[in-house]
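User: Please take a close look at the packing inside this model. Keep it brisk, and give the cut-offs as you go.

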Amino acid sequence: MNYILRTIVTAASFWVALWILPGMELTSDIGVPDTGESIVSLLIVSVVFGLINGVVRPIVSFLSLPITCLTLGLFTLVINAAMLSLTVWATSFLPVHVTIDSFFWTTILAALIIAVVSTIVNRLISTVAPTH
């Protein structure tokens with residue numbers, strides 16, 4: 001149940017980033033995706049994002065530990081943006097997918113928005129319904 005809730009929170013975080021950033025959009029091979037396609041594709045993107053964060057991110061974080069220490073943790077934003085970019089690439093083969101116009105600003109801001117919204121919503125959920 002916790003995994004499903006985190007997936008929904010991540011999908012909502014992606015939706016907030018799509019809503020705020022003009023350079024990030026949900027596109028379809030056929031045309032404009034309807035609401036059902038948008039919800040399903042955001043859930044799929046959040047599952048892929050979770051898998052990439054679970055498998056690839058620990059390796060990248062370990063290998064980039066010296067530069068992360070030198071930048072006092074700010075390089076973590078670049079790692080988050082790289083994981084988001086990898087997610088966008090991995091889901092680009094699906095009929096409905098997320099596109100980002102430029103790597104640096106849009107991806108960095110999207111990764112920051114997704115991280116902040118996910119953190120806030122997860123904290124609110126944990127205070128309302130604590131796990132046993």
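Analyst: Start with the contacts (heavy atoms within 4.5 Å). In the protein chain, among those between residues at least 6 apart in sequence, 75% join residues at least 24 apart. The model is predicted: local features need pLDDT of at least 70, side-chain atom pairs count only at pLDDT 80 or more, and totals for chains, interfaces and linings use all residues. Numbering runs from 1 along each chain as its sequence is written, and side-chain values use heavy atoms, without hydrogens or water.

The framework comes next. The protein chain has five helices and two strands (DSSP runs, numbered from the N terminus: H or I of at least four residues for a helix, E of at least two for a strand). Their order from the N terminus is α-β-α-α-α-β-α. The C-alpha trace spans about 45 × 40 × 25 Å along its principal axes. The radius of gyration is 15 Å, which agrees with the value near 14 Å for a compact globule of 132 residues (taken over C-alpha atoms; the rule is 2.2 Å times the number of residues to the power 0.38).

Now the interior. Of the 132 residues in the protein chain, 35% are buried (under 20% relative accessible area; exposed means over 50%, partly exposed in between, with a 1.4 Å probe and protein chains only). The largest nonpolar core holds 26 residues (buried Ala, Val, Leu, Ile, Met, Phe, Trp, Tyr and Cys joined through side-chain atoms within 4.5 Å). Within this core, F14, M24, L84 and V98 touch the most other members. Two or more residues each come from α1, β1 (24–28), α2, α4 (75–90), β2 (96–100) and α5 (103–128). Helix α5 gives the largest share, six residues. In soluble globular proteins, nonpolar side chains tend to be buried together.

Take V98. Neighbours within four places in sequence aside, V98 contacts L18, M24, E25, L26, V45 and V88. M24 is thus a contact of V98 as well as one of the core residues that touch the most other members.

Take the rings next. There are three aromatic pairs (Phe, Tyr or Trp rings, the six-membered one for Trp, with centres within 6.5 Å; planes under 30 degrees apart are stacked, over 60 edge-to-face, the rest tilted). One of them is F14 with F49: the centres are 5.3 Å apart and the planes at 90°, so the pair is edge-to-face. It links distant parts of the chain, since F14 sits in helix α1 (residues 2–20) and F49 in helix α2 (residues 35–63), 35 residues apart. Both rings belong to buried residues: F14 has a relative accessible area of 1%, F49 one of 12%. W15 and W19 form a stacked pair, with centres 6.0 Å apart and planes at 0°. These two are four residues apart in helix α1, about one helical turn. W19 is exposed, at 63% relative accessible area.

One backbone detail lies in the loop between α3 and α4, where L72 is found. L72 is not a glycine, yet its phi is positive, about 55°. This leucine, L72, is exposed, with 77% relative accessibility.

Last, confidence. Mean pLDDT (the predictor's confidence in each residue, from 0 to 100) is 89 for the protein chain, and 97% of residues reach 70 or more. Among the elements, β1 has the lowest mean, 85, and helix α3 (residues 65–70) the highest, 95. Where pLDDT is low, the predicted coordinates should not be read in detail.
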